[in-house]
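The report that follows walks through one protein model, taking its sheets, metal sites, cores and helices in turn. Please keep the sequence and the coordinates in view while reading.

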Amino acid sequence: MIFYKTEEEIEKIRESSLLVALTLGEVAKHIRPGVTSLELDKIAEEFIRDNGGAPAFKGHNGFPNTLCVSPNAQVVHGIPSNRPYESGEIVSVDCGVLKNGFYGDSAYTFAIGEVKPEVQKLLDVTKESLYRGIEAAVEGRRLGDVSFAIQEYCESHGFSVVRELVGHGIGKNLHEAPEVPNYGKRGSGPKLREGLVIAIEPMINLGKRNIVHGKDGWTITTSDGLPSAHFEHTIAVRKGKADILSSFKFVENALEENKLKTV
Ligand code: MG
Ligand code: MG
């Protein structure tokens, strides 16, 4: 069952999503070779709690940390570790917050130092596919239009779409109906209308689309060992243009600042 949200509820989800966006911005300030994902996790948890939120993932089905950090061939749901990152790696950082009874959810895949051109292209195409999906998330269209937009854009660049993991409705629950696949048929699925709030999150592989489940019970990895990228926004369906409740503004400002510091 889909829970359509009131304007008041959407504003609460916006507040939670903004805290996620700010948290990812804090993480971005510390992204560099030598940093560990456990350090990033600690920064994120403290920032969320200092700002009146609770980490949404910590304890969710037993997940041990605040952030899901998934480097390189890891697709999603990676557990933070004390391994220092090296230049050339990529890492998806996924963050969720619960504040005032509502969830926000967003993810960004970072390049550590210099990455290979084909890996940078994977990041660029995956991020752009998220915005292509969001562009289709307007009243009167169908959920399959969102899925199709993402799939078509990524496959046209030679990348592949993970099938087993999908986006989701979000609100009083971290994961609600409907499922939001990153592949699908135009004109199919439920009709979109105002009040629908969804997390759209393309998970796109450089090589084959197949995945394997890790022995830790969480980590999802590409079966061919090639890199995977993941970007996510929480959005509200509107007439004419979707309302993006999370934001990459703080991440992108921080990445610019990092660049200036290293020049
Ligand atoms: Mg997420
Ligand atoms: Mg999500």
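## The five-stranded sheet

In this predicted model, A199 has T234 of β14 as its bridge partner, and this pair belongs to a ladder in which strand β9 (residues 197–200) and strand β14 (residues 233–236) run antiparallel over 4 bridges. Helix α3 (residues 117–135) packs on the sheet, where it touches β9, β14 and β15, and its direction makes about 10° with that of β14.

The sheet is open and consists of 5 strands in the order β8-β7-β9-β14-β15, with antiparallel pairing. Its edges are β8 (176–180) and β15 (243–244), and because each of these has a single partner strand, one side of each is left without a neighbour in the sheet. Helix α4 (residues 143–156) lies across β8 and β9, and it runs at about 40° to β8.

## The two magnesium sites

Which residues supply the protein donors of the magnesium ion (ligand 1)? They are D94, which contributes two OD entries, together with D105 (OD) and E232 (OE), at 2.0 to 2.6 Å from the ion; along the chain these donors follow the spacing D-x10-D-x126-E. D105 lies in strand β5 (residues 102–111), whereas E232 lies in the loop between β13 (228–230) and β14, so the pair ties together parts that are 127 residues apart in sequence.

The magnesium ion (ligand 2) has as its protein donors D105 (OD), H168 (NE2), E201 (OE) and E232 (OE), lying 2.1 to 2.3 Å from it, and their spacing along the chain is D-x62-H-x32-E-x30-E. The magnesium ion (ligand 2) and the magnesium ion (ligand 1) are 3.1 Å apart, with D105 coordinating both. Since D105 lies in strand β5 and H168 in strand β7 (residues 167–169), this second pair ties together parts that are 63 residues apart in sequence.

Are these donors buried or exposed? D105 counts as buried because its relative accessibility is 2%, and E232, at 0% relative accessibility, counts as buried too. H168 is likewise buried, with a relative accessible area of 4%.

## Nonpolar cores

The largest nonpolar core has 53 residues, and those with the most contacts inside it are F110 and I200. Helix α3 supplies the largest share of this core, namely 6 residues. Once its neighbours within four places in sequence are left aside, I200 is in contact with L130, G133, I134, A137, V146, I150, V180, F231, E232, H233 and I235. This list includes E232, which is also a protein donor of the magnesium ion (ligand 1).

Apart from that core lies another one, of 13 residues, among them I13, A56, C68 and I170. As a general background to both, nonpolar side chains tend to be buried together in soluble globular proteins.

## Strand β2 and its partner

Strand β2 (residues 67–71) is mostly covered, with 5 of its 5 residues buried. L67, V69 and P71 point one way from the strand, while C68 and S70 point the other way, and all are buried. β2 pairs with strand β4 (residues 90–99) in the antiparallel sense over 5 bridges, and within this pairing L67 stands opposite C95 of β4.

## The three-stranded sheet

A further open sheet is formed by 3 strands in the order β3-β12-β11, again with antiparallel pairing. β3 (74–76) and β11 (211–213) stand at the edges, and because each has a single partner strand, one side of each is left without a neighbour in the sheet. Neighbouring strands here are turned by 40° against each other on average, direction ignored. β11 and strand β12 (residues 220–222) pair in the antiparallel sense over 3 bridges, and V212 stands opposite T221 in β12.

## The α1 and α2 helix pair

The axes of helix α1 (residues 7–29) and helix α2 (residues 37–50) come within 9 Å and cross at roughly 145°, and α1 passes α2 in a right-handed crossing. On the α1 side the contact is made by L19, L22, T23, E26 and V27, and on the α2 side by L40, I43, A44, F47 and I48.

Terms used
Residues numbered from 1 in each chain as written. Chains lettered and ligands numbered in written order. Predicted model: local features only at pLDDT ≥ 70, side-chain atom pairs only at ≥ 80, totals over all residues. Heavy atoms only, no water. Pairing = 2+ DSSP bridges. Helix = DSSP H or I, 4+ residues; strand = E, 2+ residues; numbered from the N terminus. Contact = heavy atoms within 4.5 Å. Axes fitted to C-alpha atoms, helices over the stretch in contact; angles between N-to-C directions. Buried < 20%, exposed > 50% of the residue type's maximum accessible area, 1.4 Å probe, protein only. Donors = N, O, S within 2.8 Å, 3.2 Å for Na, K, Ca; no water. Core = buried A, V, L, I, M, F, W, Y, C linked by side-chain atoms within 4.5 Å. Left-handed = near helix turned anticlockwise from the far one by under 90°.
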